[in-house]
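The exercises below ask for contacts, burial and ring geometry to be worked out from a set of coordinates. Each task is followed by a solution that goes step by step.

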Amino acid sequence: MSALSMEQYRRLERLAREFSDRHLRALKARPEFHPRLAVDALCFAPCPGRPGWLVGAWLTPCDLSLALVRESAEACDTGTAGPQVLELPRGEFELEPEIMAGDILWRCLLLNDLGDVDDMGEACRLAQRLMDKVMTAPE
């Protein structure tokens, strides 16, 4: 897979900041809130079979999701944002949209208990394993 451009990395960082600004208060109120974790876009890469899309892991202090975004914000049509069904080697995933400042993030919750994760480094390794798993066909 090809590397992302600096603009794509900046856009993912902006989406993570906006998501955190919008949801952190609610996340802190949840019993599974992990104070050593933060919102982050991890392991994003071009989505196989979907030109113009990026797929990766979306971390919050409470959960880890599979996430999908357009390669550029300009490609997003927030007026027609609906659920997306993503077919990957491990199966089919239904992702729900969230509109943020003219951009769209689609997510499918995969893990809602990160209590055993010690820190962001471990969360990053977990996200890598998650992406390896969903991108690999079952034997």
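**Exercise 1.** Find which residues Glu98 is in contact with, leaving aside its neighbours within four places in sequence, and state whether Glu98 counts as buried or exposed.

*Solution.* Taking contact to mean heavy atoms within 4.5 Å, Glu98 is in contact with Phe19, Arg22, His23, Asp103, Ile104 and Leu105 once the neighbours within four places are set aside. This is a predicted model, in which local features need pLDDT of at least 70 and side-chain atom pairs count only at pLDDT 80 or more, while totals for chains, interfaces and linings use all residues. Residues are numbered from 1 along each chain as its sequence is written, and side-chain values use heavy atoms, with hydrogens and water left out.

The next step is to look for polar contacts, that is, pairs of N or O atoms within 3.5 Å, where within protein one must be able to donate a hydrogen and the other to accept it, and where residues adjacent in sequence count only if both atoms are side-chain atoms. The side chain of Glu98 has such a contact with that of His23 at 2.5 Å, and another with the side chain of Arg22 at 3.2 Å.

Finally, Glu98 is found in strand β5, strands (E, at least two residues) and helices (H or I, at least four) being DSSP runs numbered from the N terminus. Its relative accessibility is 16%, so Glu98 counts as buried (under 20% relative accessible area, with exposed over 50% and partly exposed in between, for a 1.4 Å probe and protein chains only).

**Exercise 2.** Describe helix α1 by its span, its kink and the elements against which its buried residues pack.

*Solution.* The 24 residues of α1 reach 34 Å from the first C-alpha to the last, which is close to the expected 34 Å, the expected span being 1.5 Å times one less than the number of residues. The helix nevertheless has a kink of about 60°, centred on His23, where the bend at a residue is the angle between axes fitted to the seven residues ending there and the seven starting there. Among the buried residues of α1 are Leu12, Leu15, Phe19 and Leu27, and the buried residues of this helix pack against β1, β2, β3, β5 and β6.

**Exercise 3.** How many aromatic pairs does a search of the whole structure find, and why does the pair of Phe19 and Trp58 tie together parts that are apart in sequence?

*Solution.* The search finds 2 aromatic pairs, with rings of Phe, Tyr and Trp (its six-membered ring) pairing if their centres lie within 6.5 Å, and planes under 30 degrees apart counted as stacked, over 60 as edge-to-face and the rest as tilted. Phe19 and Trp58 form an edge-to-face pair, at 5.6 Å centre to centre and 75° between the planes. Because Phe19 lies in α1 and Trp58 in strand β2, the pair ties together parts 39 residues apart in sequence. Both Phe19 and Trp58 are buried.

**Exercise 4.** Place Gln84 and work out what surrounds its side chain.

*Solution.* Gln84 lies in strand β4 and is buried, with a relative accessible area of 18%. Not counting residues up to four places away in sequence, Gln84 touches several residues, including Arg50, Trp53, Leu68 and Trp106. The side chains of Gln84 and Arg50 make a polar contact of 3.0 Å. The charged end of Arg50 also sits over the ring of Trp53, 5.0 Å from its centre (the criterion being NZ of Lys or CZ of Arg within 6 Å of the ring centre and within 35 degrees of the ring normal).
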